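Biologist: Mind walking me through this one? I'd like to see how you get to each answer.

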Amino acid sequence: MTIVVSEDDEDADYSPFAFLESHVNEDVLNVSHDYRYQKMGYYVSMHAELCGCRVTPRCSDILDTHRNPLLMIRASRAGIPCLPYRLISGYEKDLYPALCFAVNPYTCNSVTKVKSESQMYRTIKSLSVNNRYPVSVQPLLGEVKEAVQVFGETDVPEARAIARKFYEAFRIPVGKLVLQVVDGEAKLCHFEPAAKKEVDWALVRERVHALKGR
């Protein structure tokens, strides 16, 4: 039996707060729009693992998908097309145009498009928290697109294949993919939480009910 913990489903077995006060021993499906470390979505998966349950998504998958370099390594190994990245710990010349991503644990939804040397200097200073943390830098080669995926599905045509492979590899039910379309091919750049208003919750409930009915 799989029990469902969801922030937005009247038919869920537990709300996140009720689940954290419970002790269960079944499989757990944790549905949230935000799984970042120290957010409710993360705590639900952590509580399930501490109870000895098999949970989707696992804490290790949550942490890896929210650290850009780890996401790129695991996604590449899973056969997802990715762009190369470079980790830098301070400002360097001639890296633009680029997409920059914070690797520190405090900055959310950090994707920054950089098109000048002065902008690169300011961006690295900000995302590195004054050179305390590395920053992931990827070349800006094509059109940047964002796609909210729900159980591997998205309404962004260019992102559909990546969304399916991403869910197969990481089992994160809800989140936003950032990708670039280069010469007609979509390549994964980043993953981040989706805003609650960006999520198609009707589709979430449909997929959850289908999974529970198996």
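**Tyrosines, a helix and a sheet**

Modeller: Sure, and keep in mind that this is a predicted model. Let's start with Tyr 37, which is partly exposed at a relative accessible area of 47%.

Biologist: And Tyr 42, is that buried or exposed?

Modeller: The cut-off for buried is under 20% relative accessible area. Tyr 42 comes in at 8% relative accessibility, so Tyr 42 counts as buried.

Biologist: How do the rings of Tyr 37 and Tyr 42 pair: stacked, tilted or edge-to-face?

Modeller: Their centres are 5.2 Å apart, and rings pair if the centres lie within 6.5 Å. The planes stand at 75°, and over 60 counts as edge-to-face. So the pair of Tyr 37 and Tyr 42 is edge-to-face.

Biologist: Which residues form one aromatic cluster with Tyr 37?

Modeller: Tyr 42 pairs with Tyr 37. Tyr 42 also pairs edge-to-face with Tyr 43, at 6.3 Å centre to centre and 65° between the planes. The residues that join Tyr 37 in one cluster are Tyr 42 and Tyr 43.

Biologist: Which residues of H2 are buried?

Modeller: H2 covers residues 40-50, and its buried residues are covered by elements including S1, S2, S3, H1 and H3. The buried ones are Gly 41, Tyr 42, Val 44, Ser 45, His 47 and Ala 48.

Biologist: At what angle does H2 run to S2?

Modeller: The sheet is open, with parallel pairing and the order S1-S2-S3. H2 lies across these three strands, and its angle to S2 is about 175°.

Conventions
Residues are numbered from 1 along each chain as its sequence is written. This is a predicted model: local features need pLDDT of at least 70, side-chain atom pairs count only at pLDDT 80 or more; totals for chains, interfaces and linings use all residues. Side-chain values use heavy atoms; hydrogens and water are left out. Buried means under 20% relative accessible area, exposed over 50%, partly exposed in between (1.4 Å probe, protein chains only). Helices (H or I, at least four residues) and strands (E, at least two) are DSSP runs, numbered from the N terminus. Contact means heavy atoms within 4.5 Å. Two strands pair if DSSP finds at least two bridges between them. Axes are lines fitted to C-alpha atoms, for helices over the stretch in contact, and angles run from 0 to 180 degrees between N-to-C directions. Rings of Phe, Tyr and Trp (its six-membered ring) pair if their centres lie within 6.5 Å; planes under 30 degrees apart count as stacked, over 60 as edge-to-face and the rest as tilted.
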